[in-house]
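Please look through the sequence and the structure shown here, and then read the report that follows, which goes from one chain to the contact between two chains and ends with some details of the backbone.

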Amino acid sequence: MGKKEKDERFRKFGTVSFTGTTRVNDFIDHLEQGKVTGTRCKSCGNTFFPPRADCWACRSSEMEWFDVQGTGRLVTFSTLAFGPKGFEGDLPYTIALVDFGAYKVFGRIADGIVESDLSIGMALAAKANPLADGRINYVFHKQ
Amino acid sequence: MNDVAIIGAGQSTFVRYYPGSVRELAFEGFSDALGHAGIAAADIDASVVCSAPEYDLQRSPAGVFAEYLGLNPGPTFYVETLCSSGSTGLKLAYSLIKSGLHDVVAVVGFQKMSEISSAETQERMGRGADIQWESPFGTMMPAYYAMYARAHMNAYGTAPEDLAAIRVKASTYGQLNDRAVYRKAVTADMFTDPDNMMSGSVASPLRVGDCCANADGSSCIIVASAERAKSLCDKPVWIRGIGSSSAPVNLAGRDLFTGLAVAREAAGQAYKMAGIGPKDVDVAEVHDCFTIAEMMAYEDLGFAGPGEGRDLINGKETYLNGSIPVNVDGGLLSKGHPIGATGGSQIRTIVLQLRGEAGEIQVPDASVGLVHNIGGVGLYGNVTILGR
């Protein structure tokens with residue numbers, strides 16, 4: 001009898017992941033299928049990004065996935081000249097928060113978009129972004 | 001309401017590298033506070049130890065310190081709310097005394113950050129945010145606060161030079177503080193001189209000069225019941241208001257980016273409990289881990305209206321001779337920021353002010369002081385109001 005393998009799909013998330021597993025590991029599969037997804041509570045309809053396995057409002061754990069579609073508005077951003085350990089090779093890079101109305105999404109601006117191209121309020125879309133060595137995250141693109 | 005008092009406050013000198021172990025570092029702040037209170041370790045019946053984990057390898061430091069500081073067999077507790085651990089420790093001490101469980105409690109804060117590299121420190125700090133959904137993008141504290149700075153600039157026209165003015169003020173007083181890490185003068189020109197280190201970008205729009213430095217240090221606040229305070233101390237400083245709050249860790253869960261919701265909530269609680277408003281505060285210590293943090297504190301605490309923080313600093317209203325002196329000990333920007341020791345150091349400065357013991361930085365006749373201490377990027381907010 002072999003040991004049951006641990007589902008550690010979330011290890012693939014981002015340049016360095018600090019979380020091995022989560023009950024929303026399917027988020028990684030969706031990214032690999034080219035979709036950025038959040039969860040919606042089947043009981044009360046609350047929408048969550050980042051996706052949650054459990055609804056804080058009604059305590060239900062019955063969730064359905066939805067796609068982060070269309071564009072949101074850039075709320076704020078910063079370009080890093082220094083990075084934490086493990087991210088040195090990515091520098092410089094820009095982190096950002098984008099407001100999609102019912103939810104906001106924290107992430108990175110796509111490589112190649114420089115700071116002077118950015119302004120608060122501009123429209124950005126979130127897209128899955130494969131990285132080296134089978135890793136994956138999502139980044140914001142101009143439409 | 002005079003029911004819980006601070007009867008002594010101390011801190012070590014904050015340094016880039018402390019040549020000793022964490023228990024020895026804690027001993028320095030603790031001894032300074034005992035000397036200030038004029039009491040012995042035997043007078044203390046419980047202790048609260050405050051730090052943020054993983055900068056040194058000691059697990060459960062409270063038990064280790066209780067022995068080293070001579071506090072056995074008294075009970076000891078460890079509390080942590082990142083950079084606001086010291087204020088949370090004060091709240092726990094207040095509760096222990098107010099409940100009648102203990103009469104004299106020592107709140108010991110410490111952090112030895114020099115045992116790991118700067119990049120490792122940034123990684124640890126970044127993990128004080130959302131490790132599941134944010135850290136994999138390469139976040140770090142300056143970048144989070146930079147996002148608030150960008151939003152504040154966009155909303156109100158706050159300029160990089162307004163933020164630099166806060167650092168210039170900090171250095172004015174940091175030069176006078178012999179327990180501060182950074183004691184050199186900082187001028188506005190340094191921020192625009194490309195050859196000056198201060199002008200280098202860290203996380204846009206924040207520059208090196210906008211950021212406080214890591215440090216090693218310890219602090220200690222000794223808290224007592226009214227009865228014990230009156231018998232042990234000639235100049236008790238009373239805890240008049242204590243507010244604390246939490247907010248969503250992921251920025252995606254927040255709605256406010258021009259101020260910190262936790263600071264506004266905690267300030268409201270503290271003002272209400274003390275029965276005062278911002279205009280009644282004579283001197284304040286605010287959590288200036290970054291210049292933008294002090295700018296937002298002006299507005300979150302009601303010292304200035306939304307977007308008017310820059311008028312306060314440019315009018316020098318937060319200088320020693322201004323209408324509301326803020327961080328006249330040099331702030332975190334000058335003193336350095338040994339996470340778990342920071343809140344205690346802020347409280348100490350206000351205690352000295354209210355006892356008339358602040359020397360060159362004394363605000364004349366200060367009778368009400370405020371401490372604003374933030375953990376993480378507005379993850380935890382603590383506002384404490386003290387009075388004579």
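## Chain A and its partner

In chain A, the mean position of the 19 positive charges and the mean position of the 17 negative charges lie 4 Å apart. This value, like every other value in this report, was computed from a predicted model.

Chain A contains one helix and eight strands, and when the chain is read along its sequence these elements follow the pattern α-β-β-β-β-β-β-β-β. Taken along the principal axes, the C-alpha atoms of chain A fill a box of roughly 55 × 40 × 25 Å. Of the 143 residues in chain A, 45% are buried, and the accessible surface of the chain comes to about 7300 Å², with 46% of that surface belonging to carbon and sulfur atoms. If one takes the contacts in chain A with a separation of 6 or more, 48% of them are between residues 24 or more positions apart.

## The contact between the chains

How many residues does the contact take from chain B and from chain A? It takes 32 residues from chain B and 40 residues from chain A. The size of an interface is often given as the accessible area lost when the parts come together. For chain B and chain A this buried area is about 3000 Å², and carbon and sulfur atoms give 70% of it. On the side of chain B, the residues that lose the most area to chain A are Trp133(B), Phe137(B) and Met147(B), which together make up 28% of what that side buries.

Two salt bridges are found across the interface of chain B and chain A. In the salt bridge that Arg150(B) forms with Glu115(A), the closest N and O atoms are 2.9 Å apart.

## A helix of chain B

Helix H4 of chain B spans residues 118–126, and its buried residues are Thr121(B), Gln122(B), Glu123(B), Met125(B) and Gly126(B). What covers these buried residues of H4(B) includes two helices of chain B, namely helix H5 (141–156) and helix H13 (339–354).

## Details of the backbone

Two peptide bonds that lead into a proline are listed in the table, each with its omega angle and with the loop in which the proline has its place.

| Peptide bond | Form | Omega | Place of the proline |
|---|---|---|---|
| Phe49(A) to Pro50(A) | cis | near -5 degrees | loop between strand S2 (47–48) and strand S3 (63–67) of chain A |
| Ser204(B) to Pro205(B) | cis | near 5 degrees | loop between strand S5 (201–203) and strand S6 (206–207) of chain B |

Positive phi angles are the next topic. Glu54(B), although it is not a glycine, has a positive phi of about 80 degrees, and this residue is found in the loop between strand S2 (46–50) and helix H2 (61–68) of chain B. Asn327(B), which is also a residue other than glycine, has a positive phi near 55 degrees, and its place is in the loop between helix H11 (309–314) and helix H12 (331–335) of chain B.

Is Asn327(B) buried or exposed? Asn327(B) counts as buried because its relative accessibility is 1%, and the cut-off for buried is under 20%. Glu54(B), with a relative accessible area of 43%, is partly exposed, because this class lies between the limit of under 20% for buried and the limit of over 50% for exposed.

How values were computed
Residues are numbered from 1 along each chain as its sequence is written. Chains are lettered from A and ligands numbered from 1 in the order in which they are written. This is a predicted model: local features need pLDDT of at least 70, side-chain atom pairs count only at pLDDT 80 or more; totals for chains, interfaces and linings use all residues. Side-chain values use heavy atoms; hydrogens and water are left out. Helices (H or I, at least four residues) and strands (E, at least two) are DSSP runs, numbered from the N terminus. Buried means under 20% relative accessible area, exposed over 50%, partly exposed in between (1.4 Å probe, protein chains only). Contact means heavy atoms within 4.5 Å. Accessible areas come from the Shrake-Rupley method with a 1.4 Å probe; for residues, only the protein chains shown count as cover. Lys and Arg count as positive and Asp and Glu as negative; His and the chain ends are not counted. The place of a charge is taken as NZ of Lys, CZ of Arg, CG of Asp or CD of Glu. Buried area is the accessible area (1.4 Å probe) that two parts lose on being put together, summed over both. A salt bridge is a side-chain nitrogen of Lys or Arg within 4 Å of a carboxyl oxygen of Asp or Glu.
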